[in-house]
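Here is a note on the model, set out as numbered points for someone who will want to check each one against the coordinates. It begins with the interior and then moves to individual residues.

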Amino acid sequence: MDHQTWLLIDTALAIAALIGLIAWFKVNSFVALTLVALAVGLGAGLPPVSVAEAFQHGVGDTLEKIALVIGFGAILGQMLAESGGAGQIASALIGVCGVRRLPLTLAAGAFLIGLPMFFQVGLVLLIPIAENLAERTGKRLYRLGLPLVAGLSVSHGLVPPHPGPLAAIGILHADVGLTLVYSLLIGLPTTVICGLTFARVRVKSLDSLPVHWGAGSLAPSSLGDRSEIFSDKSVESEIKPACPLRPASAGLAVAVILLPVVLMIGATVAKLGLEADSPARTWIMFLGHPVVALSIAVVFAFLTLGAGRGVKAAEILETCRRSLLPIGDILLLLAAGGGLSSVLIAAGAGEAIAARAEALPLSPLVLAWLLAAAVRVATGSATVAVSTAAGLVAPLTAGTPHLRPELVVLALGAGSLVLSHVNDGGFWLVQKYLRLTVPQTLRTWTILESMISLVALALILLLAWAMIRAT
């Protein structure tokens, strides 16, 4: 048996073992991820010290990227919830859109808000609104949360300036502006189709559970899904302020959420439109860095949602303390998932799968999708999947007439979203924030990501066919 074949078997065994340890033997997820990461590295033939170093590097790299983002996001979410701002936004959405159109509103809104920011940032900012809407309408959190994460995921995978699409643009020498236009043409309908589909799909193992209420401050209800008996007027009549003080207005709460979004958009515009040595570009990009933008938003929330409403400094400090307590488990899970991904990359699992897929006689767009999907399944990293597959498919696309490299970028991005599972940090983030078990996350989030990937690929192929017919 050659080494590449063994790598494929080793990777498959590791994923199966991880699912079995967590789902069937009830081993702590963090411990299971760590043990499987070490085992898969040793099984792949890496030196023992290299396995430990690769795992440690993956843990550190993951925490470096997300720890501050999730921490600031948790504080913002708690401020929005306790100030009543999230409830006011929920009331406004119910009044304007109605209960039936909430999933579509959340999906489209998350897609637009996710354009300038990472998936993790958008999730921690928007999940308090989904929780509040679930509380007020009696819908289970996953029925609103899945359309929301669908919009964020599509933006992250397809639209520049997210890391994956930008990496592919550089490798394939695609046009940034055209890629952005095509990604919006593909991304928005993909979000609507997939978001609405999963808003209507019922998962029996989840619908038998109590309704998930709020951020854990209220006990779960045993009344079941009550959305069918609510009219818009009856829902509004049940809404009560989330705090004894005057609740923050919906406009102020939206301003808190959009402040980091605007700062990040400004950084993107400055990066694309200003000279590299321009002082204005330097400062705008500094203010638009996710950590800086979120820290500014937190200070703004302290002044407006807190002190501006008469909340004492000691109470704001206590709010911060409560918001940060639950994220330790999340950070450890994401860090261990990053460690597993790093070990798989060091072992060469992604290259082994990509080499097998590259030999298949397929069109460049389908091949690009398949290569990215293969690396994604093996490593759990969408960015690694896109950058690896882009290098492999670049020689093929260069010699294919009538094939826009921008469409290849989108095909790579679509492939990088498929089959998110236990080696992907996003899997654990969704699992924790939507309060699902691992099997439930596999039956919802994993299938949703795969559907997004396939729908996006179908729309890309349709657009490519239309462009060829038009020439």
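1. The first point concerns internal voids. In this predicted model, a search of the whole structure turns up 1 cavity of 30 Å³ or more, and the volume of the largest cavity is about 40 Å³. Its lining is made up of His156, Gly157, Pro163, Gly164, Pro165, Ala382, Thr383, Val386 and Ser416. Two or more of the lining residues come from each of helix H7 (141-158), helix H8 (163-172) and helix H19 (382-398). Sorted by class, the lining holds 4 nonpolar and 5 polar residues, and no charged residues.

2. On the overall build, the chain has 22 helices and 0 strands. Of its 471 residues, 54% count as buried. Among the contacts with a separation of 6 or more, 80% are between residues 24 or more positions apart. The accessible surface of the chain is about 19,500 Å², and carbon and sulfur atoms account for 69% of that surface.

3. Which residues of H8 are buried? They are Gly164, Pro165, Ala168, Ile169 and Leu172. Because these residues cover an arc of only 135 degrees around the axis, they lie on the same side of H8. Two of the residues just named, Gly164 and Pro165, also appear in the lining of the largest cavity, so a reader may wish to look at this helix and the void together when inspecting the model.

4. The residue that follows H8 deserves its own check. His173 comes after this helix and sits in the loop between H8 and helix H9 (176-200). Its phi is positive, at about 55 degrees, although His173 is not a glycine. Is this residue buried or exposed? His173 counts as exposed, because its relative accessibility is 70% and the cut-off for that class is over 50%.

5. A second positive phi is found at Leu419, where the angle is near 50 degrees in a residue other than glycine. Leu419 is in the loop between helix H20 (405-415) and helix H21 (425-433). With a relative accessible area of 38%, Leu419 is partly exposed, since that class covers values between the 20% limit for buried residues and the 50% limit for exposed ones.

6. Val418 is placed in the loop between H20 and H21 as well, but Val418 is buried, with a relative accessible area of 10%. What does Val418 touch, once its neighbours within four places in sequence are left aside? Its contacts are Trp369, Ala373, Arg376, Val377, Glu449, Ser450 and Ser453. The C-alpha atoms of Val418 and Ile452 are separated by 7.5 Å, while the two residues are 34 residues apart along the chain.

7. Phe111, which belongs to helix H5 (residues 102-113), gives another view of the interior. Phe111 counts as buried because its relative accessibility is 1%, where the class requires a value under 20%. Apart from neighbours within four places in sequence, Phe111 is in contact with Gly151, Leu152, Val154, Ser155, Val159, Leu184, Gly187, Leu188 and Thr191. Between Phe111 and Val149, which are 38 residues apart in sequence, the C-alpha to C-alpha distance is 8.6 Å.

8. The last residue to consider is Leu21, in helix H1 (residues 3-23). Leu21 is partly exposed, with a relative accessible area of 25%. Not counting residues up to four places away in sequence, Leu21 touches Lys26, Val27, Ala32 and Val36. The C-alpha atoms of Leu21 and Leu33 are separated by 9.2 Å, and these residues are 12 residues apart along the chain.

Methods
Residues numbered from 1 in each chain as written. Predicted model: local features only at pLDDT ≥ 70, side-chain atom pairs only at ≥ 80, totals over all residues. Heavy atoms only, no water. 1 Å grid on protein atoms, 1.4 Å probe; cavity = no way out; pocket = protein on both sides within 12 Å on 5 of 7 lines; lining within 4 Å. Points joined across faces, edges and corners; volume = space filled by probe spheres on them. Helix = DSSP H or I, 4+ residues; strand = E, 2+ residues; numbered from the N terminus. Nonpolar A, V, L, I, M, F, W, Y, C, P; charged D, E, K, R; others polar. Buried < 20%, exposed > 50% of the residue type's maximum accessible area, 1.4 Å probe, protein only. Contact = heavy atoms within 4.5 Å. Areas by Shrake-Rupley, 256 points an atom, 1.4 Å probe, with all protein chains shown as cover. Arc of directions from axis to C-beta.
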